[in-house]
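This report describes salt bridges and overall shape in one chain. The structure comes first, and the account follows.

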Amino acid sequence: KEAQLEETKAELSAQIEEKKQELTAKETELSETKEVLTAKAEATAQQLAETTTQLEQKEEELTAKAAELTTQLEETRTTLAATETVKDELTAQLEETKVEATAQLEAKTQELSAKEAELSQTKEEMTAQLGDKEQELTAKATELSAQLEEKSTALAAKEAQLEETKAELSAQIEEKKQELTAKETELSETKEVLTAK
């Protein structure tokens with residue numbers, strides 16, 4: 001009887017050691033998985049930051065270009081206004097050459113108007129490009145944010161799963177310890193009875 005109980009005790013001890021090893025392996029797996037997912041999350045966050053920086057830089061460039069075109073447009077308007085002034089002066093001073101001067105002035109006005117229209121169209125095109133680029137980079141930033149959130153959720157789920165496994169193994173170890181204690185108690189009682197006999 002003592003030999004049988006000792007054998008049972010040894011088996012339970014071996015089972016407890018095996019569960020402890022399984023628990024250690026699960027804890028190592030949890031740590032490694034957490035490190036991998038954390039590294040991926042950090043890489044995604046870095047990529048998101050770089051994309052945001054690119055968006056800001058592109059926006060600054062296009063804003064500067066738009067400001068430059070606006071300045072050119074204002075200069076053209078100023079030139080046109082100056083030309084109108086010249087027109088008035090020529091009309092006052094050279095009434096005899098009014099037809100010729102008017103024709104020259106009209107040609108210059110049309111040229112400047114065409115230039116103004118061209119600059120205005122270029123400004124609109126640059127503004128449209130800025131809007132398109134902003135939408136593209138904003139969509140990319142949104143996508144990267146979603147990926148980051150997805151990886152964080154996966155990490156949390158994996159951690160929860162491994163914690164649950166850890167708790168189950170701990171419960172099994174505790175159960176085996178209780179069984180071992182019960183067997184030891186039974187062995188002690190049996191030994192006492194046999195000794196008394």
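K26, E29 and K158 are linked in a network of salt bridges, a salt bridge being a side-chain nitrogen of Lys or Arg within 4 Å of a carboxyl oxygen of Asp or Glu. The model is predicted, so local features need pLDDT of at least 70 and side-chain atom pairs count only at pLDDT 80 or more, while totals for chains, interfaces and linings use all residues. Residues are numbered from 1 along each chain as its sequence is written, and side-chain values use heavy atoms, with hydrogens and water left out.

Within this network, K158 forms a salt bridge with E29, and the closest N and O atoms are 3.7 Å apart. K158 lies in helix α2 (residues 98–196) and E29 in helix α1 (residues 2–93), so the pair ties together parts that are 129 residues apart in sequence. Helices are DSSP runs of H or I with at least four residues, strands are runs of E with at least two, and both are numbered from the N terminus.

The structure holds 10 salt bridges. Three of them are listed here.

| Pair | Closest N to O distance |
|---|---|
| K158 and E29 | 3.7 Å |
| K34 and E159 | 3.8 Å |
| R77 and E74 | 3.3 Å |

K34 forms a salt bridge with E159. This pair also links distant parts of the chain, with K34 in helix α1 and E159 in helix α2, 125 residues apart. The salt bridge of R77 and E74 joins two residues of helix α1 that are 3 residues apart, about one turn of the helix. Side chains of opposite charge can pair when their charged atoms come close.

How accessible are the residues of these pairs? By relative accessible area, buried means under 20%, exposed over 50%, and partly exposed in between (1.4 Å probe, protein chains only). K158 is partly exposed at 23% relative accessibility, and E29 is partly exposed at 30%. K34 counts as partly exposed at 43%, as does E159 at 25%. R77 is partly exposed at 40%, and E74 has a relative accessible area of 40% and is partly exposed.

T83 also lies in helix α1, but T83 is buried, with a relative accessible area of 13%. Leaving aside residues up to four places away in sequence, T83 touches L105, K108 and L112, where contact means heavy atoms within 4.5 Å.

The chain as a whole has 2 helices and 0 strands. Its radius of gyration, taken over C-alpha atoms, is 43 Å, well over the 16 Å that the globule rule (2.2 Å times the number of residues to the power 0.38) gives for 197 residues, so the chain is more spread out than a compact globule. The C-alpha trace spans about 150 × 15 × 15 Å along its principal axes. Of the 197 residues, 18% count as buried. Among contacts between residues at least 6 apart in sequence, 97% join residues at least 24 apart.

The accessible surface comes to about 13,700 Å², of which 50% belongs to carbon and sulfur atoms; areas come from the Shrake-Rupley method with a 1.4 Å probe, and for residues only the protein chains shown count as cover. The chain has 25 positive and 49 negative side chains, and the centres of the two sets lie 8 Å apart. Lys and Arg count as positive and Asp and Glu as negative, with His and the chain ends not counted. The place of a charge is taken as NZ of Lys, CZ of Arg, CG of Asp or CD of Glu.
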